Amino acid sequence: MRIYITLGPSYEPIDRVRRITNFSTGTLGTQLANAFLDEGHDLTCFRGEMSTCTEQIPDRYVTPFSTLQSLINIMRERAANSDHPSYIFHIAALTDFMIKEIRSESHLLNDPGKISSSAHELTLSLRPAPKLIVELRSWYPKSKIVGWKYEVDGTEEEAIRKGRAQIEFNHTNACVVNGPAFGKGCAFITSGQDVVTLPSNKELLKFLKEWAK
């Protein structure tokens, strides 16, 4: 089968030497990629350049990305060229906010090369970033798409409810719900509202290999 996996973090530049990002390491996506490679599938991994997972994926299967927009551009171009996979596992932890403007005291900084460390105070204004998962169904109408929902606050029930909402809003096929709000392990939710609870990432990887057949 032809499989896409997005993994790792994106980042957004503050200036030409500083950036904002998140704590994603790319580990789960890397493990899933290697599990599918072991099964002999045709794989493309869109891997965030700032991934810190030490486990390797052979270079020929990896397409790197940096910012959210760079990944959007890559996947939109693949779709336009009729490179449509059977499955898309969208695990990458992409930026939810982008830099709107930067001010040093009351002065607006336009395209700063490197903001001076002697600046007394900086104010960064953020704006919501576009959502890649919103676009995937229109680009890849025949692919089975699995999203991820990592929740920190709330209860297990609330986390599952947000996973279901992700499926409904984005017309995906399934969602993996995890994070502190869910607790140990994760839940795999399908568009038919079925919920499978898995106690560990190891069990999740085993489950996904069986599901994607």
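**Helix α1 and the cysteines**

Author: This is a predicted model. Just after α1, G40 takes a positive phi of about 85°.

Reader: Which residues make up helix α1, and what should they span?

Author: Helix α1 covers residues 27-38. At 1.5 Å a residue, its 12 residues should span 16 Å. The end C-alpha atoms are 17 Å apart, which agrees.

Reader: Is α1 mostly covered or mostly open?

Author: Mostly covered. In α1, 9 of the 12 residues are buried.

Reader: Which ones are buried?

Author: L28, G29, T30, L32, A33, N34, A35, F36 and L37.

Reader: And what do those buried residues pack against?

Author: Four strands and a helix, going by the labels: β1 (2-7), β4 (42-48), β6 (87-90), β10 (144-150) and α5 (201-211).

Reader: Switching topic. How many disulfides turn up?

Author: A search of the whole structure gives 0 disulfides.

Reader: Why is there no bond for C175?

Author: Because its sulfur is too far from any partner. The closest cysteine sulfur is in C186, 10 Å away. A disulfide needs the two sulfur atoms within 2.5 Å.

Reader: What about C186, where is its closest cysteine sulfur?

Author: In C175, at 10 Å, so that is too far for a bond as well.

Reader: Are these two buried or exposed?

Author: C175 is buried, with a relative accessible area of 0%. C186 is buried too, at 1%.

Notes
Residues numbered from 1 in each chain as written. Predicted model: local features only at pLDDT ≥ 70, side-chain atom pairs only at ≥ 80, totals over all residues. Heavy atoms only, no water. Buried < 20%, exposed > 50% of the residue type's maximum accessible area, 1.4 Å probe, protein only. Helix = DSSP H or I, 4+ residues; strand = E, 2+ residues; numbered from the N terminus. Expected span 1.5 Å × (residues − 1). Contact = heavy atoms within 4.5 Å.
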